[in-house]
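Colleague: I have a few questions about this model before I go to the bench. Could you take me through it?

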Amino acid sequence: MSPRSRRPADTADARGMDGDGWAEAAAAADPRAAVTALLRQSWDAARARAAQRLEYGAGGVEVARLHAAAADEMLTALWRFATETLYPAPNPTEAERLSLIAVGGYGRGVLAPFSDLDLLFLRPWKSIPRTEQVIEFMLYVLWDLGVKVGQSARSVDECLALAKSDMTVRTALLEARPLAGDEALAEDFIARFRAFVVKTDPRPFIAAKLEERNARHQKAGAVRYRVEPNVKDGKGGLRDLNTLFWIARSLAPDSPLGARVMDDLLTSRERRTFEEAFDFLWRTRAHLHLVAGRAEEKLTFDLQPEVARRMGWRGRGDEPAVERFMRRYFLVARDVGGLTRALSAKLEARQQKPTLSLSRLIPGRKRKLGVEGFIEDGGRLSVTGPEVFAAAPEKLLLLFRCADAHDLDLHPDAFSAVSRSLSLVTPSLRRDPEATRAFLDILAQGQRPYRVLTLMNETGLLGRFLPEWGRIVGQTQFNMYHAYTVDEHTLQAIGIINDIWRGKLKAEHPNASEVVHRIDDFEALMLAMLLHDVGKGGDRGQLEDGAIAARRACDRLGLDPRRTEFVVWLVRNHLALSDYAQKRDVSDPETVRAFTELVGDPERLRTLLILTVADIRAVGPGVWNGWKGQLIRELYQRTESAFRGEDIRQTDPLADYPQLVARGRAEGAVADVLEAGAAEPGEGSATRVAVAARDRPGLFADLAEALAAAGADVVGARVATAEDGAALDVFELQDGAGAPYGQAEPRRLDRLLKALEAAARGQAGRARPSPAPFNPRRAAFDVRPTTIIDLEQSPTAAVVEVSGADRPGLLADLARVLAEHRLSIRSAHIAGFGERAVDSFYVTDANGRKPKSGPALERLRADLEAVLDHKEPGGPRHSAPVRASLRDVSEVGRLRPARRPPSRPVSRAPEAG
């Protein structure tokens, strides 16, 4: 190696090379093993120092640079050993010249604890044996150290040729940083590459990076506010900020980290936001890697509590530390989205970003839109300047109504102007008739309310104009039921109602698509939907705090008292239809009567139906299914009949499947797979299996045990018994992967039907399900058990509602407890909310009578809670379980109109949610 190839860092390492350890490694029988052992000590020590700095509160970028510096030190030492000791070339020929260059994120000088090392072995031209020996030795040592390496070995010309045609290669080379070897070779290549970048039109590269970003978002989750975000590749994550870096470097490849371009494209405020977001995300990612012990990029439930603890977050009131941390995460993700918009605006102004729509291809096209200060600029809505809002603050709201009316996206300049003008939103503006009218028009009359309200939310205007909304922006609920933050869930629900009204969901929701056009006050529906979750996290519980906040908001928005009361009622009772349908027997006239009394009139019923459908669908993918749709539709139709004055009689669930019941009576027991029947089309997310048999004590428990032993997950169930003792049990079943049971393996379904028939006849032995594999995500939740025994709901049976951590065999264990207490299950209603199971049973005693309050029911409650509190075998945990954020366990009893003085309570009150 020539003296000119030696860098200052190499000189420092050279002193270490003279040590006894390196000499012994060179003389060892296995130099590779000896070098690996020698490097491991220093490599592990350097990484440990970086981890300690992180633990003591160092910034994320600082820690990332420490990890990169540790890798630099290790690689340069290894390089010198390979090139000067094992395969020396004291006077290298032109062909023997070789450089080691860091590329990609590592080239930028930042590295997460378990990230790959992206390396380029650069040679002048074709490879020679010595070059291959050096590369091979280094790679084997790195692999022995457990380091993941992304490597390439190319000549200068090969790199330049690939950079022209492959945007991924060009991106990696933008960050090229020489580490060791022939310095002149590396510098010459980098100079040639940067000259090529300067001469090349940047627009194709920028377009490729933005398209790559969009594809990455689709893969990682197109919504920024998924409650288990990907810190690296998700929307609003580190890769989005890296994309801005790459674009800046493509515009000024000679500027360190693209600083010159970043300073030109971003305001000082935006640059500060960029740096804060970058540091927060790097700190989060570093903790995530260290907690997981691997290159984990997804912030899953089991990792969130420990990452939050390590980052110094503490609980406040009823809000645990993990929810506070995750809220901060999503606010940062929102800021990243704003930065991307701002950069796009500047690039388009400089004509360095290709645009897509035809209208945007016409340079300088600006059209007035009938509102002073608003213009259409390149196919998007913009403003002539921030002074537009200073002169007339109500135009902050009018801007978004105008965007919706003309179906225009918001220009990034207008987006930034709104964000910088939020101080203009004062109490008087919140009551301004023109501003409130514009807001309500967007909500209820808009063409695309989801898109427009999302823009308002991301500028910060929605939370500033509606303070009740501001309290739920970025709010998470630490449970597996909700897939999105509270604000994103609500905005999606608004979009779903709009889609129902416009007929876009007629195939999935024919009933709701017809009912929505019979609602008298659509604006009240949309306002109630917007406000339905603003009480989450409140001291009085979600529903009561939500009602109080809704009343306050309606008063400011200028609604008259009658409409305000309607919105408040909807917010307070938005769970009622779902609760009654899923947790009570909708074939029972008492259920219909109680629900009819609660609702009060048909307009409330129609509005509540639409609100409920949208609320459930917006929880997350796959939450809505045909089973829930059938239960909700059945209760709606029976309640509607009650309002018409029709006699509501006990329906006979057995009448839906007369042939199956007849076979069961004749053969003693029969099991079969049912068609979805009246379920919503396209929602077959579970296999429906029915068992017809003679009723007997323990029948349901035996069937539940057979299902558990077969690995069937019961996601819904209805049990009915006729007066002559004929029983029909209908189950909605999924497999362990969440697919319809038997879909992947039809023979499993055949075996299950035979097992159910044997169990129904009492011929099956007691079978226990195989223990489920330890699931760290579920283990992250502390799910408190709850038992409610309601003696008021039904005149002929006690309603036992239990709630606890879902697990294989839970339903069978609960049913066995009821059987051991000599209680007969008249009907059962099974529901799941993520990690929590909520099961309701209508039970009678051995004589067919309703149980009475007393010690027997207290013992029943204790035995049920012991089953619910059963702990599965543990596994490795990253932190102690955190109490799961609770959707109200049951509001049925609390909301039911009182008919008689309540008897002595026999169960603890449900936890507040």
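**A buried alanine, then outward**

Modeller: Start with Ala-333, which counts as buried because its relative accessibility is 0%. Keep in mind that this is a predicted model.

Colleague: Which helix is the place of Ala-333?

Modeller: Look at residues 321-349, a single helix. Ala-333 lies in that stretch, so by the DSSP runs numbered from the N terminus its helix is α15.

Colleague: Which residues does Ala-333 touch, not counting residues up to four places away in sequence?

Modeller: A contact here means heavy atoms within 4.5 Å. Leaving out residues up to four places away in sequence, Ala-333 touches Arg-224, Lys-235 and Gly-236.

Colleague: What separates the C-alpha atoms of Ala-333 and Pro-229?

Modeller: Along the chain, Ala-333 and Pro-229 are 104 residues apart. In space, their C-alpha atoms are separated by 9.8 Å.

Colleague: Is Ser-416 buried or exposed?

Modeller: Ser-416 sits in helix α18, residues 412-420. Beyond residues up to four places away in sequence, Ser-416 touches Glu-270 and Ala-342. The cut-off for burial is under 20% relative accessible area. Ser-416 has 12% relative accessibility, so it counts as buried.

Colleague: Which helix gives the most to the largest nonpolar core?

Modeller: That core has 117 residues, and Leu-399, Phe-400 and Phe-439 have the most contacts inside it. Phe-439 touches several residues distant in sequence, among them Leu-397, Met-456, Phe-465 and Leu-557. With nine residues, the helix that gives the most to this core is α26.

Colleague: How many residues are in the second core?

Modeller: The second core is separate. Val-322, Phe-330, Leu-347 and Val-783 are included in it. Its size is 54 residues.

Colleague: How do the axes of α29 and α31 lie, roughly parallel or roughly perpendicular?

Modeller: Helix α29 covers residues 576-583, and helix α31 covers residues 602-617. Their axes come within 8 Å and cross at roughly 75°. Angles of 65 to 115 degrees count as roughly perpendicular. That makes α29, relative to α31, roughly perpendicular.

Colleague: How many residues in the contact of α29 with α31 are charged?

Modeller: Leu-577, Ser-578 and Gln-582 make the contact from α29. From α31 come Leu-608, Leu-609, Thr-612 and Ile-616. Four are nonpolar and three polar, and the number charged is none.

Colleague: What percentage of the residues in the protein chain is buried?

Modeller: The chain comes to 39 helices and 18 strands. It has 913 residues, and the buried share is 58%.

Methods:
Residues numbered from 1 in each chain as written. Predicted model: local features only at pLDDT ≥ 70, side-chain atom pairs only at ≥ 80, totals over all residues. Heavy atoms only, no water. Helix = DSSP H or I, 4+ residues; strand = E, 2+ residues; numbered from the N terminus. Buried < 20%, exposed > 50% of the residue type's maximum accessible area, 1.4 Å probe, protein only. Axes fitted to C-alpha atoms, helices over the stretch in contact; angles between N-to-C directions. Parallel < 35°, antiparallel > 145°, perpendicular 65-115°, else oblique. Nonpolar A, V, L, I, M, F, W, Y, C, P; charged D, E, K, R; others polar. Core = buried A, V, L, I, M, F, W, Y, C linked by side-chain atoms within 4.5 Å.
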